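Reader: I would like a close look at one helix of this protein, and then at what lies around it. Please take me through it step by step.

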Amino acid sequence: KKLVFSGVQPTGNLHLGNYLGAIRRFVQLQDGNDCIYCVVDLHALTAQLVHDDMLSQTRSIAAAFIASGIDAEKHIVFNQSAVPQHAELAWIFNCVARLGWMNRMTQFKDKAGKDREQASLGLYAYPSLMAADILVYRATHVPVGEDQKQHLELTRDIAMKFNLDYASHIRKTNYGIDITVGDEPVHAYFPMVEPLIGGPAPRVMSLRDGTKKMSKSDPSDLSRINLMDDEDAISRKIRKAKTDPDGLPSEIAGLENRPEAENLVSIYAALADKTREQVLAEFGGQQFSVFKPALIDLAVQVLSPITGEMRRLMSDTSHIDAILRNGNERARARADVTMRELREIIGFLY
Ligand code: TYM
């Protein structure tokens, strides 16, 4: 049984990249694992300090989890700010992480832009809070899209440094676990997290430009399919999606240097729970005039029940609020165990 943790920020609208790279995989991982899924509202402050719709966005991410099929009774669905242990552990990790490590984070460089002096300290420390989100539950597996890979490597670095620096303190308690790093056995407190990045669509690209990631912040709404789009919008966006003049190849190699074609095939495969090879076996030799309508039908068939259920859940917030309240209590109880053990390991009087 794996302990799975992942988070989604309540900023902007959820899109197909969030769904295929993350949420759909959260749903698939429920079977046989212990899963904790979080709306990371503290992280959202790093994108924009004042949000007039933080509350509704938070509820809508939770609604997307539930509408996609996450079972909030068997697993935990909650929002980050309601579990103060995340911020508490993040402080400790701020003291573990090295400036040199943070300076290598490409997402910080992208988001801070040219005028780095004006970026917030929170944006800089973002990956340290992310490590705390995961490790405050001592989670072992983290499903994310490819853009989060570097942050998970940093999470492993932070865990490793803590384990080594506090090794003698950890040994004096019985909270340690035996892990192997490379081939070396290590007595540790924090596990080494395994990123779960995969499936056919770990990086869904913009529908307007196959070299750019599909993202909430792209000014063109035609670049992405939002989880709340209706049938007409989905159909229009896929019909207008950029392609090249050739038909679909029969083999993967034929997608090389055709980022738009590759993206649409990957999206189809992820939505259909097939491999890209299977999709090409079916559509190889066909034109986009045949493939696009099939993709539209599939996208509508998969997404419209989710959209409908999200709308239903959002029409009366009491249900979502009750789910989050319950998740928050259970998450706090688990995070509290870790913080108590850590205080003893570190030597904080409590
Ligand atoms: P966020 O909110 O930007 O995105 C949520 C999830 O969606 C994935 N994703 C994509 N996957 C494929 N193709 C795309 N175009 C695409 N765009 C986004 C992201 O990889 C992510 O899995 N830092 C995280 C939130 C976070 C977190 C955590 C995740 C905070 N703490 C702890 C895991 C564990 C983020 O900004 O996600």
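Author: In helix α13 of this predicted model, the buried residues are Phe288, Phe291, Leu295, Ala299, Leu303, Ile306, Met310 and Leu313. The spacing of such a list can be read with a general rule. An α-helix has 3.6 residues a turn, so residues three or four places apart point the same way. The buried residues of α13 pack against several other helices, namely α3 (54-68), α10 (231-240), α11 (259-272), α12 (276-283) and α14 (317-346).

The length of the helix can be checked. Helix α13 covers residues 288-315, which is 28 residues, and at 1.5 Å a residue it should span 40 Å. The C-alpha atoms at its two ends are 38 Å apart, and this agrees with the expected span. The helix also has a kink of about 35° at leucine 303, shortly before proline 305. Leucine 303 is also one of the buried residues.

Next comes the division of the chain. Domain 1 is made of two stretches, 3-200 and 317-346, while domain 2 runs over 221-313. The C-alpha centres of these two domains lie 30 Å apart. Where they touch, 16 residues of domain 1 are in contact with 15 residues of domain 2. On the domain 1 side, α1, α3 and α14 each supply at least two residues, and α3 gives the largest share, with 6 residues. By type, this side of domain 1 divides into 10 nonpolar residues, 6 polar ones and no charged ones. Two of the helices named here, α3 and α14, are also among those that the buried residues of α13 pack against.

The loops beside α11 deserve a look as well. Asparagine 257 sits in the loop between α10 and α11. Its phi is near 60°, a positive value in a residue other than glycine. Is asparagine 257 buried or exposed? Asparagine 257 counts as exposed because it has 8 C-beta neighbours inside 10 Å, and the cut-off for exposed is 12 or fewer. Aspartate 273 lies in the loop between α11 and α12. Aspartate 273 is not a glycine either, yet its phi is positive, at about 55°. With 12 other C-beta atoms within 10 Å, aspartate 273 is exposed.

Two further residues can be placed by distance. Aspartate 110 belongs to helix α6 (residues 106-112) and is exposed, having 9 other C-beta atoms within 10 Å. Its C-alpha atom is separated by 35 Å from that of aspartate 297, and the two residues are 187 residues apart along the chain. Proline 195, in strand β7 (residues 194-196), is partly exposed, with 19 other C-beta atoms within 10 Å. The C-alpha atoms of proline 195 and valine 142 are separated by 4.9 Å, although these residues are 53 residues apart along the chain. Apart from its neighbours within four places in sequence, proline 195 is in contact with Val142, Val144, Lys149 and Leu152.

Last comes the ligand. It is surrounded by 24 residues, and the closest are Gly7, Gln9, Gly17, Gly21 and Gly145. The elements that give two or more residues to this shell are β1 (3-8), α1 (16-29) and α7 (121-135). The shell divides into 11 nonpolar, 9 polar and 4 charged residues. Helix α1 thus appears in the ligand shell and also on the side of domain 1 that touches domain 2.

Conventions
Residues are numbered from 1 along each chain as its sequence is written. This is a predicted model: local features need pLDDT of at least 70, side-chain atom pairs count only at pLDDT 80 or more; totals for chains, interfaces and linings use all residues. Helices (H or I, at least four residues) and strands (E, at least two) are DSSP runs, numbered from the N terminus. The expected span of a helix is 1.5 Å times one less than its number of residues. The bend at a residue is the angle between axes fitted to the seven residues ending there and the seven starting there. A residue is buried if 20 or more other C-beta atoms lie within 10 Å of its own, exposed if 12 or fewer, and partly exposed in between; C-beta atoms are placed from the backbone. Two residues are in contact if their C-beta atoms, placed from the backbone, lie within 7 Å. A residue is near a molecule or strand if its C-beta atom, placed from the backbone, lies within 6 Å of it. Ala, Val, Leu, Ile, Met, Phe, Trp, Tyr, Cys and Pro count as nonpolar, Asp, Glu, Lys and Arg as charged, and the others, Gly among them, as polar. Domain bounds come from an automatic or database domain assignment.
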